[in-house]
Amino acid sequence: MVDIILRGGTIIDGTGGPRFRADVAIAGDRVAAVGPALSKLTGAREIDASGKIVAPGFIDVHTHDDRALLSAPEMAAKASQGVTTVITGNCGVSLAPLSLDRAPPPPLDLIGDTADYAYPRFADYLDALDKSPPALNAACLVGHSTLRVGVMSELARAARPDEIAAMGERLQEALDVGAIGMSTGLYYAPAFHAPPAEIEALAARLRSAGAIYTTHMRDEAEHVLDSLEESFAVGRAAGVPVVISHHKTTGVANFGRTAETLPKISATMARQEIALDAYPYIASSTVLRRERIEDALKVLITWSKAAPEQAGLELDEIARDWGVDIDTAVARLQPAGAIYWMMDEADVRRVLAFEPTMIGSDGLPHDAHPHPRLWGTFPRILGHYCREVGLFSLEQAVHKMTGLPAVCFGLAGRGRVDRPRDFRRADPAGCRYRARLRQWPWGMVRGQADGRAAGPGAAPADYAGRSEPVILQADEQRLSSD
Ligand SMILES: [Zn+2]
């Protein structure tokens, strides 16, 4: 007797291999057996999955869910999409290790206010998660900007050797308790003045922990190729895998340039471990920055501390309304966040279709008017780019959301902060991990079908169609109470 058996579903197992008909038995939070007909087994609960696609829970490889895991542990924005594991602490910003008695500088304010940065050690943050476990699994990165803010009194310069040592100790503590790597956000003010040598000195700690390096690069526009080279160099110097976050080329002048970046990434992959992720939209979203506006076709305000009623309105509209120029409007809205229309659809498609690209939402869960990628990334990949546009097969789409990131981030078993394993033997584009994938957490989210987990922007219509995905993951009881 096992806990759950899903009978007669069509399995897409996340390896990228073709779908097959099978029953799936779940015992506790593990897949106990997958077979053509598990007729000898009975389940405490049996679910008819015929006519449905059964797949492992999705991994959102690029999130800013550090605080959402604590403040909204049901994680509806992600659970409703079939996501069962999130990678937190991206773009140089993690909630820990840091305790603040002043306002967090942007972009740290995207994930919390002063009082939210209350975790002097990484272990304190993990303890908080243990005390009120969220509905999803999380694997946590340490943000380089978070380390800088905690150690340096002035951010507009390179860290001194003593500061690098202090940051290194904090990073080491985090790695020792299970952080899976370090992220940077070199584009942002708190880290912009960090030279490669500073990053490399810190990244050197990652190797012995089997951890990885992820980066929101210094430049995703005119100098994107230089930034790629800088990122690769960190990986080579430290001997660690590199994940290029939310890969894109921004601004009209750089439309089409993923035709240059992807071959460069591809060529480098032959020599060192490189991975990348992307979200399926032509608009980006982050804090409101004057210089970013120049490159955007349209700007929409997602939140504003000074003028919260403006969230959801276009910047042009706000300036017109106030009878001021854009500069004045921007200054008046600060601190604030925005959505920027600044990518080319052809680039977005080229990056998504690139075989090694993983899917990460980059959603901002605390924004008053969040970018739809928060609730819509995974249905948009499946419904729009897979089914309607035909960028890739359903098997490939699921692979980008499951098997590929599991290998990249070393998520062999379930567990909130599983230490990376076997990454060095992994083939980022490979499909050789069937056995391991079967150990994944599987459970069930019915997409929009029961409506319970779906929320605003979940784009349930995207699920409609012949192959309505049924996503299997571990935390079924938590996610659906029936
Ligand atoms: Zn970023």
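Where is the place of Pro 107 in the chain? The exercises below begin with this residue.

The structure is a predicted model, in which local features need pLDDT of at least 70, side-chain atom pairs count only at pLDDT 80 or more, and totals for chains, interfaces and linings use all residues. Residues are numbered from 1 along each chain as its sequence is written.

**Exercise 1. Locate Pro 107 and describe the peptide bond that joins Pro 106 and Pro 107.**

Solution. Step one: Pro 107 has its place in the loop between β8 (98-99) and β9 (118-119). Helices (H or I, at least four residues) and strands (E, at least two) are DSSP runs, numbered from the N terminus. Step two: the bond joining Pro 106 and Pro 107 is cis, with omega about 5°. Step three: a second cis bond runs from Gln 334 to Pro 335, with omega near -10°. Pro 335 lies in the loop between α12 (326-333) and β17 (336-341). For background, most peptide bonds are trans.

**Exercise 2. State what is notable about phi in Met 75 and in His 246, and decide whether each residue is buried or exposed.**

Solution. Step one: Met 75 has a phi near 50°, a positive value in a residue other than glycine. His 246 is not a glycine either, yet its phi is positive, about 30°. Most residues other than glycine have a negative phi. Step two: Met 75 is found in the loop between α1 (68-71) and α2 (76-79), and His 246 in the loop between β13 (242-244) and α9 (258-269). Step three: a residue is buried if 20 or more other C-beta atoms lie within 10 Å of its own, exposed if 12 or fewer, and partly exposed in between, with C-beta atoms placed from the backbone. Met 75 has 25 other C-beta atoms within 10 Å and is therefore buried. His 246 has 21 within 10 Å, so His 246 is buried as well.

**Exercise 3. Describe the surroundings of Gly 143.**

Solution. Step one: Gly 143 is placed in strand β10 (residues 137-143). Step two: Gly 143 counts as buried because it has 35 C-beta neighbours inside 10 Å. Step three: leaving aside residues up to four places away in sequence, Gly 143 touches Gly 89, Gly 92, Val 93, Ser 94 and Ser 183. Two residues are in contact if their C-beta atoms, placed from the backbone, lie within 7 Å. Step four: Gly 143 and Pro 97 are 46 residues apart in sequence, and their C-alpha atoms are 8.6 Å apart in space.

**Exercise 4. Describe how helix α7 packs with helix α8.**

Solution. Step one: α7 (residues 196-209) and α8 (residues 224-238) pack at an angle of about 45°, with axes 8 Å apart. Axes are lines fitted to C-alpha atoms, for helices over the stretch in contact, and angles run from 0 to 180 degrees between N-to-C directions. Step two: α7 is therefore oblique to α8 (angles under 35 degrees count as roughly parallel, over 145 as roughly antiparallel, 65 to 115 as roughly perpendicular and the rest as oblique). Step three: the contact is made by Pro 196, Ile 199, Glu 200, Ala 203, Ala 204, Leu 206 and Arg 207 of α7 and by Glu 230, Ala 233, Val 234, Ala 237 and Ala 238 of α8.
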